[in-house]
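I opened this entry to keep track of what I looked up, topic by topic. The sequence and structure come first, then my notes.

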Amino acid sequence: TEYILDSSAVTQLLTVLSSLKLEWLVLQKIGLTVQHSSAMNRLLQQQHSSLRVLDLAGNSLTTAFLVDVHYGLCQCSSLEKVMLWQTQLSSACLPVLASLVRHWPRLQELRLSDNDFSEACDEVEVFVDAV
C-alpha cells in the first residue's frame with residue numbers, strides 16, 4: 001500500500017491537529033501505524049468532547065495500535081461514526097473494540113469491513129456446531 005505521507009509527516013500532522021477543535025477527523029490512507037500511537041492518543045484526548053466522526057480507514061493500525069490509543073479513544077464519548085475498514089485488524093482486537101464501544105454511547109456506525117476476522121468466525125461456527 002502506498003501512503004500519502006511519510007512517517008515524520010504523519011507525526012507532524014497529528015501534532016498540528018491536536019491544537020484544533022474538530023468534529024470530523026478523516027485520516028484515510030495517510031500511513032498511520034503503531035509508531036504514531038502516542039501522537040494519536042494525545043490528539044484524541046484533545047478532541048474528547050467535540051469529535052463525532054473518526055475515519056482511520058486504509059491505515060496499518062493493528063490490534064497493538066488500538067491498545068495503545070485505547071485511553072484516548074475512550075475519552076471520545078461523542079463519537080457517532082468510526083471507520084476502521086481496511087486497517088489490518090484481526091480477531092485479536094475484538095475484545096478491545098468491545099471495550100471501546102461501551103464508551104461511545106452515541107455510536108451509530110462502526111465500519112470494520114476488509115479486515116481479517118476469520119478466526120473469530122471460525123470460533124463462532126465451532127460454537128454453533130456444538131450447540
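In what order do the elements of the chain run from the N terminus on? I read them off as α-β-α-β-α-α-β-α-β-α. The tally I noted is six helices and four strands. I keep in mind throughout that this is a predicted model.

**Confidence**

I looked up the pLDDT before going further. The chain averages 89, and 89% of the residues score at least 70. By element, I found the highest mean in strand 2, at 98. The lowest mean among the elements belongs to helix 6 (residues 118-130), at 50. Over residues 122-131 the pLDDT is below 50, and in the model this stretch has zero contacts beyond near neighbours in sequence. Where pLDDT is low, the predicted coordinates should not be read in detail. I therefore take no detail from residues 122-131, where the pLDDT is below 50.

**Sheet**

Next I asked how the four strands are ordered in the sheet. They form an open sheet in the order 1-2-3-4, and the pairing is parallel. At the edges I found strand 1 (24-26) and strand 4 (109-111), each of which pairs on one side only. From one strand to the next, the twist averages 5°.

I then looked at one pair in detail. Strand 2 (residues 53-55) and strand 3 (residues 81-83) are joined by three bridges in the parallel sense. Which residue of strand 3 does L54 stand opposite? I found V82 there. As a general reminder to myself, strands of a sheet pair through backbone hydrogen bonds, either parallel or antiparallel.

**T63**

I picked T63, which lies in helix 3 (residues 62-68). Is T63 buried or exposed? Its relative accessibility is 18%, and the cut-off for buried is under 20%, so T63 counts as buried. I also listed its contacts, leaving aside neighbours within four places in sequence. T63 is in contact with L89, S90, A92 and C93.

**Whole chain**

I closed with the totals. Of the 131 residues in the chain, buried residues make up 43%. The accessible surface of the chain comes to about 7200 Å², and carbon and sulfur atoms account for 53% of that surface. For contacts between residues at least 6 apart in sequence, I noted that 86% join residues at least 24 apart.

How values were computed
Residues numbered from 1 in each chain as written. Predicted model: local features only at pLDDT ≥ 70, side-chain atom pairs only at ≥ 80, totals over all residues. Heavy atoms only, no water. Helix = DSSP H or I, 4+ residues; strand = E, 2+ residues; numbered from the N terminus. Buried < 20%, exposed > 50% of the residue type's maximum accessible area, 1.4 Å probe, protein only. Contact = heavy atoms within 4.5 Å. Pairing = 2+ DSSP bridges. Axes fitted to C-alpha atoms, helices over the stretch in contact; angles between N-to-C directions. pLDDT = per-residue confidence, 0-100. Areas by Shrake-Rupley, 256 points an atom, 1.4 Å probe, with all protein chains shown as cover.
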